[in-house]
Amino acid sequence: KMNTFRIIIFYLLLFDAIAINALVWTNNKWYLENLGYFSDWFPLSKGWAFLYFALVLWVGYLTFF
């Protein structure tokens, strides 16, 4: 049962990391236009998005292998 919970959490984080990287590396104009005030406080950064993706992969590797 706990293993299923880990798998679900990992895939949710992986989906989130892929989505934010897709948003950062392709077109962040949508982010700036639709999330106005929020985008001022939390700007998108390619470096942090890549680091987040790498950390999610690392945690997944440590968890499952």
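Select Phe50 to begin: this residue lies in helix α4, which covers residues 46–64. The model on the screen is predicted. Is Phe50 buried or exposed? Phe50 counts as exposed, because its relative accessibility is 51% and the cut-off for exposed is over 50%. Now add Lys1 to the selection. Phe50 and Lys1 stand 49 residues apart in sequence, and their C-alpha atoms are 31 Å apart in space.

**The whole chain**

Clear the selection and show the whole protein as a cartoon. How many helices and strands does the protein have? There are 4 helices and 0 strands. Read from the N terminus, the order of elements is α-α-α-α.

Turn the view to look along each principal axis of the C-alpha trace. The trace spans about 40 × 20 × 20 Å along these axes. The radius of gyration of the protein is 14 Å, whereas a compact globule of 65 residues would have one near 11 Å. Of the 65 residues, 15% count as buried.

Switch on the surface next. The accessible surface of the protein comes to about 5,400 Å². Carbon and sulfur atoms hold 73% of this area. As for contacts in the protein with a separation of 6 or more, 65% of them are between residues 24 or more positions apart.

**Helix α1**

Select residues 2–26, which make up helix α1. This helix has 25 residues. From its first C-alpha to its last, α1 reaches 36 Å, close to the 36 Å expected at 1.5 Å a residue.

Which residues of α1 are buried? They are Phe10, Leu14, Ala17, Asn21 and Val24. Colour these residues, then show α4 beside them: the buried residues of α1 pack against α4. Two of the coloured residues, Asn21 and Val24, are the next stops.

Select Asn21, found in helix α1. Asn21 counts as buried because its relative accessibility is 11%, and buried means under 20%. Which residues does Asn21 contact, leaving aside its neighbours within four places in sequence? The contacts are Ala49, Phe50 and Phe53. Phe50, the residue at the start of this tour, lies in α4 and is one of these contacts of Asn21.

Move along to Val24, which is also found in helix α1. The relative accessibility of Val24 is 8%, so Val24 counts as buried. Not counting residues up to four places away in sequence, Val24 touches Leu44, Ser45, Lys46 and Ala49. Ala49 is therefore a shared stop: Val24 touches it, and Asn21 is in contact with it. Pick the C-alpha atoms of Val24 and Leu44 to check one distance. These two residues are 20 residues apart along the chain, and their C-alpha atoms are separated by 6.3 Å.

**The nonpolar patch**

Return to the surface and select Ile7, Tyr11, Trp48, Leu51, Leu55, Trp58, Val59, Tyr61, Leu62, Phe64 and Phe65. Together these residues form a nonpolar patch on the surface, with about 1,300 Å² of accessible area. Which elements give two or more residues to the nonpolar patch? They are α1 and α4. The most comes from α4, which gives 8 residues.

Zoom in on Leu51, one of the patch residues. Leu51 has its place in helix α4. Leu51 is partly exposed because its relative accessible area is 37%, a value in between the cut-offs of 20% and 50%.

**The salt bridge**

For the last stop, select helix α2, residues 29–34. How many salt bridges does a search of the whole structure find? The search finds 1 salt bridge. Show the side chains of Glu33 and Lys29, which form a salt bridge with their closest N and O atoms 3.9 Å apart. Both residues lie in α2, 4 residues apart, about one turn of the helix. Glu33 is exposed, because its relative accessible area is 55% and exposed means over 50%.

Conventions:
Residues numbered from 1 in each chain as written. Predicted model: local features only at pLDDT ≥ 70, side-chain atom pairs only at ≥ 80, totals over all residues. Heavy atoms only, no water. Salt bridge = Lys/Arg side-chain N within 4 Å of Asp/Glu carboxyl O. Buried < 20%, exposed > 50% of the residue type's maximum accessible area, 1.4 Å probe, protein only. Patch = residues over 30% accessible without salt bridge, like charges linked within 9 Å, V, L, I, M, F, W, Y side chains within 5 Å. Areas by Shrake-Rupley, 256 points an atom, 1.4 Å probe, with all protein chains shown as cover. Expected span 1.5 Å × (residues − 1). Contact = heavy atoms within 4.5 Å. Rg over C-alpha atoms; globule rule 2.2 N^0.38 Å.
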